[in-house]
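User: I am new to this structure and would like a close look at a single part, the surroundings of the ligand. Please take me through that part carefully, and then place it beside the nonpolar core.

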Amino acid sequence: EGVGPQEYTLIKMKVIKLPPKLACFKNHNVFFVAATLRPETMYGQTNCWIHPNIDYIAFKTKNNEVFVCTQRAANNMAYQGFTESDGVIGDFINIKGEDILGVPLESPITIHKVIYSLPMFSILKEKGTGIVTSVPSDAPDDYAALQDLKKKRPLREKYGITDEMVDPYEPCPIIDVPDIGNLCAVTMCEKLNVQSQNDKEKLKEAKDLCYLKGFYDGVMLVGDYKGKKVQEVKQILKEELVKASKAAVYYE
Ligand code: A2H
């Protein structure tokens with residue numbers, strides 16, 4: 001932090017069926033946009049995370065698509081050429097996170113035809129877009145939050161999350177990390193006995209190791225760049241996704 005702008009890959013996840021609060025955009029392609037530092041992990045995406053209590057907006061881009069993210073992120077995007085007129089978001093509608101949970105999405109690269117937006121409470125509203133891609137094989141926060149939903153029926157029920165949105169989705173090996181294995185987040189969470197997404201200290205320890213080793217020593221196990229190092233693949237995949245209009249580059 002404080003060392004200049006961070007570059008994120010903005011992953012565009014297309015809404016398959018609009019929730020009632022977004023019905024006014026029925027003639028548009030609507031995307032939940034997630035900011036990630038690890039586009040090459042999209043192979044292992046199982047869902048998308050939304051914070052139920054954060055405010056989001058839906059706004060039109062200059063390509064007449066609709067993006068959903070925090071207003072703060074939309075403001076940044078307006079200064080990065082995403083909107084019709086520079087620095088201006090234009091018309092937008094406000095939505096609460098809880099109104100866009102359980103939404104079916106189509107996401108680039110993942111093996112799942114449909115994934116769902118699910119609740120996560122560690123999302124920070126001042127970072128990225130407030131929407132996060134979930135890769136439970138390689139991100140301890142994602143694994144812990146997914147396990148919470150798998151284990152806690154009342155949590156699912158509170159937010160109208162059905163079994164079909166959670167049960168078929170399991171961490172899937174996409175990257176081999178020397179000394180840790182091919183499901184580094186799962187392995188570290190089990191080793192440190194992480195109990196839930198609120199287990200902050202243990203999760204920090206798990207993340208420190210997984211992120212460092214995953215990024216610097218990880219080797220791809222799947223996809224067109226199987227056998228190549230994560231560090232090399234990151235850039236290539238970002239460019240491919242952007243070229244295919246499935247992602248964009250976003251700074252903050
Ligand atoms: B990363 P940095 Cl597999 N609140 O994507 C909390 N976390 C957020 C967020 C927010 N508002 N916005 C983005 N993030 C997460 C994938 C991933 C990520 C993997 C491994 C490492 C990793 C799958 N989740 O990040 O504080 C997103 O998770 C390593 C740090 O800006 C995003 O990339 O450095 C990362 O945090 C951005 O974190």
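Analyst:
**The shell around the ligand**

Strands β2 and β9 (131-134) each supply at least two residues of the shell around the ligand, strands being DSSP runs of E with at least two residues, numbered from the N terminus. The model is predicted, so to be used here local features need pLDDT of at least 70 and side-chain atom pairs pLDDT 80 or more, while totals for chains, interfaces and linings use all residues. Residues are numbered from 1 along each chain as its sequence is written.

In total, 19 residues surround the ligand, and the closest are T36, T41, K127, G128 and V135; a residue is near a molecule if its C-beta atom, placed from the backbone, lies within 6 Å of it. The largest share of this shell, three residues, comes from β9. By character, the shell divides into eight nonpolar, seven polar and four charged residues, where Ala, Val, Leu, Ile, Met, Phe, Trp, Tyr, Cys and Pro count as nonpolar, Asp, Glu, Lys and Arg as charged, and the others, Gly among them, as polar.

Strand β2 (residues 30-36) also gives the largest nonpolar core its largest share, six residues. That core has 73 residues, of which F32, V33, V68 and A185 touch the most other members; such a core is a set of buried Ala, Val, Leu, Ile, Met, Phe, Trp, Tyr and Cys residues joined through C-beta atoms within 7 Å, and buried means that 20 or more other C-beta atoms lie within 10 Å of a residue's own. Setting aside residues up to four places away in sequence, V68 touches V30, F31, F32, V33, Y56, A58 and I100, with contact meaning C-beta atoms, placed from the backbone, within 7 Å.

Notes:
A residue is buried if 20 or more other C-beta atoms lie within 10 Å of its own, exposed if 12 or fewer, and partly exposed in between; C-beta atoms are placed from the backbone. Helices (H or I, at least four residues) and strands (E, at least two) are DSSP runs, numbered from the N terminus. Two residues are in contact if their C-beta atoms, placed from the backbone, lie within 7 Å.
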